[in-house]
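Hello,

Here is the structure I promised to pass on to you. Have a look at it first, and then read on for what turned up in it.

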Amino acid sequence: MAAVWVLKGSLLVLFCLGSRLLHATDSTGQAEKGPPAPHRRFEYKYSFKGPHLVQADGSVPFWMHSGNAIPSADQIRITPSLKSQRGSVWTKNKSIFENWEIDVTFRVTGRGRIGADGLAVWFTEGQGLEGPVFGAADNWNGVGIFFDSFDNDAKKNNPAIVIVGNNGKLHYDHQNDGSTQALASCQRDFRNKPYPVRAKIIYYQKTLHVLINNGFTPDREDYEFCAKVEDMVLPSQGYFGISAATGGLADDHDVLSFLTFQLTEPGKVAPPPDTEIPEKDKEKYQEEFEHFQQELDKKKEEFQKGHPDVDGQIGDDFFESVSDRELRQIFEGQNRIHLEIKQLNRQLDMILDEQRRYVSTLSDEISKRGAGVPGQQGQVSLQGLDTVVKTQEEVLRQVGEVRNSMGETLRLVSGAQHPGPAGAIYETTQHFNDIKEHLHVVKRDIEHLVQRNMPSNEKPKCPELPPFPSCLSTTHFFVFVAIQTVLFIGYIMYRSQQEAAAKKFF
């Protein structure tokens with residue numbers, strides 16, 4: 001009898017499982033799918049992301065910052081790690097889409113084990129530029145997602161993420177960390193993480209979801225569920241913002257990116273971008289376009305008056321191509337080099353002529369003195385003059401070599417200015433390499449001539465260092481060290497007392 005009851009129970013279980021499988025399939029025999037995902041469209045006017053985040057005037061495109069916020073090229077520091085700081089960043093224009101998704105990447109870093117006060121992400125009907133609620137205004141109309149890092153109510157439930165909605169009439173309960181007004185919350189530690197923390201906030205079909213990437217891994221899609229609020233009614237148009245504040249304790253609150261997406265339900269067509277432009281902006285842009293069009297027509301008329309031979313549209317051959325411009329710049333550079341080398345060649349010719357006249361004068365003087373001054377004194381003078389003559393001949397030889405080198409360089413430049421049709425690029429490159437080599441030779445020879453002609457007593461010498469004064473005795477040194485040690489210990493004690501007092505205050 002027991003076996004019969006067991007058999008009946010097994011059949012009943014199989015029947016239940018089969019009925020569930022039948023209900024889980026549709027008429028075509030395929031498993032039912034979940035609701036289709038909404039269409040996402042990136043909204044650049046409500047987003048920011050580095051690099052090149054800040055413009056030349058220090059502003060962020062389509063955003064405005066206030067308080068102690070410091071925009072930079074890669075991020076926006078909402079508040080620095082100083083006491084009693086407040087800062088915020090808000091969009092300049094209201095969003096006109098009903099459903100949205102924002103992806104915020106931020107860092108909260110501090111030296112201590114406990115930080116303060118925290119960071120908040122906003123969607124409100126008005127811009128709360130400054131105020132007591134994490135650096136933004138109180139009595140907001142919208143929703144705030146608070147990343148609260150300080151435990152004001154001493155319940156040891158911080159750091160926490162709290163969702164607080166407001167219709168513009170509630171005051172935020174800061175002493176209780178908003179626990180009496182929270183719609184949903186979760187405890188997550190977002191301070192001093194190895195990677196940036198990411199928060200994904202989705203408002204779709206009157207339901208708010210908050211997902212968190214805790215920053216332990218570099219995986220950007222490693223999100224976990226934090227909180228959910230259903231039947232939440234938000235303003236149809238509002239501003240996005242992010243704010244932060246510090247108190248007796250301080251953290252650096254840095255926002256790396258704020259990306260906003262418009263969500264459209266499946267089957268509905270997203271409004272075109274033109275419908276999102278206000279009428280005032282449309283009129284302004286239309287006036288600017290007409291003004292530019294008039295300026296263009298005026299410039300065309302002036303060009304036609306200055307160029308009557310050009311009829312109708314200007315052809316492509318009227319403008320200079322990129323290759324033509326490069327060739328023109330190369331030839332202009334070669335012409336400048338050619339002129340400089342010619343000038344240097346003329347100067348070398350003048351130096352050579354002067355040296356030749358000087359050598360001929362010395363030779364005549366040697367011959368006169370050798371005939372008129374007999375004896376040992378004459379021999380010494382002749383030896384000195386012979387040395388001078390040899391030196392001048394060596395100078396003449398080196399100047400001649402420099403002149404020949406400059407002539408070769410001039411020839412190469414002249415040849416480079418008239419390249420042939422075949423292998424022109426290779427020949428031009430080779431000419432430039434030869435010019436560079438010859439210019440190095442000329443520079444080295446001229447430096448050698450300068451050093452050769454400079455007298456030994458005029459050669460530059462390194463200045464001698466003055467003797468180091470010995471004005472500190474051993475007794476003075478030890479007294480100074482003792483005073484410095486006492487001052488340092490006193491500063492450490494004063495700093496410890498101040499930090500203890502601040503902790504007691506909070």
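Let me start in the loop between S7 and strand S8 (118-124), where Asp117 has its place. The peptide bond that leads into Asp117 from Ala116 is cis, with omega near -15°. A second cis bond runs from Gly50 to Pro51, with omega near 0°. Pro51 sits in the loop between strand S2 (48-49) and strand S3 (63-67). Please keep in mind that this is a predicted model.

The loop between S2 and S3 also holds Phe62, whose phi is positive, near 70°, although this residue is not a glycine. Phe134, in the loop between S8 and strand S9 (141-148), likewise has a positive phi, of about 50°. Most residues other than glycine have a negative phi, and most peptide bonds are trans, so these spots are worth a look on your screen. Is Phe134 buried or exposed? With 2% relative accessibility, Phe134 counts as buried, while Phe62, at 32%, is partly exposed.

Now to the interior. The largest nonpolar core has 43 residues, and Trp100 and Phe147 touch the most other members. Strand S7 (residues 100-109) contributes the most to this core, with five residues. Beyond four places in sequence, the contacts of Trp100 include Phe123, Ile201, Tyr203, Leu234 and Phe261. Another core lies apart from this one and has 13 residues, including Trp90 and Phe146. In soluble globular proteins, nonpolar side chains tend to be buried together.

A charged-residue name also appears among the buried positions: Asp254, in strand S16 (residues 252-264), has a relative accessible area of 4% and is therefore buried, the cut-off being under 20%. Its side chain makes a polar contact of 2.6 Å with that of Arg77. Leaving out residues up to four places away in sequence, Asp254 also touches Gln75, Ile76, Thr105, Phe106 and Arg107, among others.

For the overall picture, the protein has six helices and 16 strands, and 32% of its 506 residues count as buried.

One word on confidence: the mean pLDDT is 79, and 70% of the residues reach 70 or more. Residues 1-32 stay under 50 and have seven contacts beyond four places in sequence in the model. Residues 419-426 are also below 50, with five contacts beyond near neighbours in sequence. Where pLDDT is low, the predicted coordinates should not be read in detail.

Best wishes

Methods:
Residues numbered from 1 in each chain as written. Predicted model: local features only at pLDDT ≥ 70, side-chain atom pairs only at ≥ 80, totals over all residues. Heavy atoms only, no water. Core = buried A, V, L, I, M, F, W, Y, C linked by side-chain atoms within 4.5 Å. Buried < 20%, exposed > 50% of the residue type's maximum accessible area, 1.4 Å probe, protein only. Helix = DSSP H or I, 4+ residues; strand = E, 2+ residues; numbered from the N terminus. Contact = heavy atoms within 4.5 Å. pLDDT = per-residue confidence, 0-100. Polar contact = N/O pair within 3.5 Å; in protein donor to acceptor, adjacent residues only side chain to side chain.
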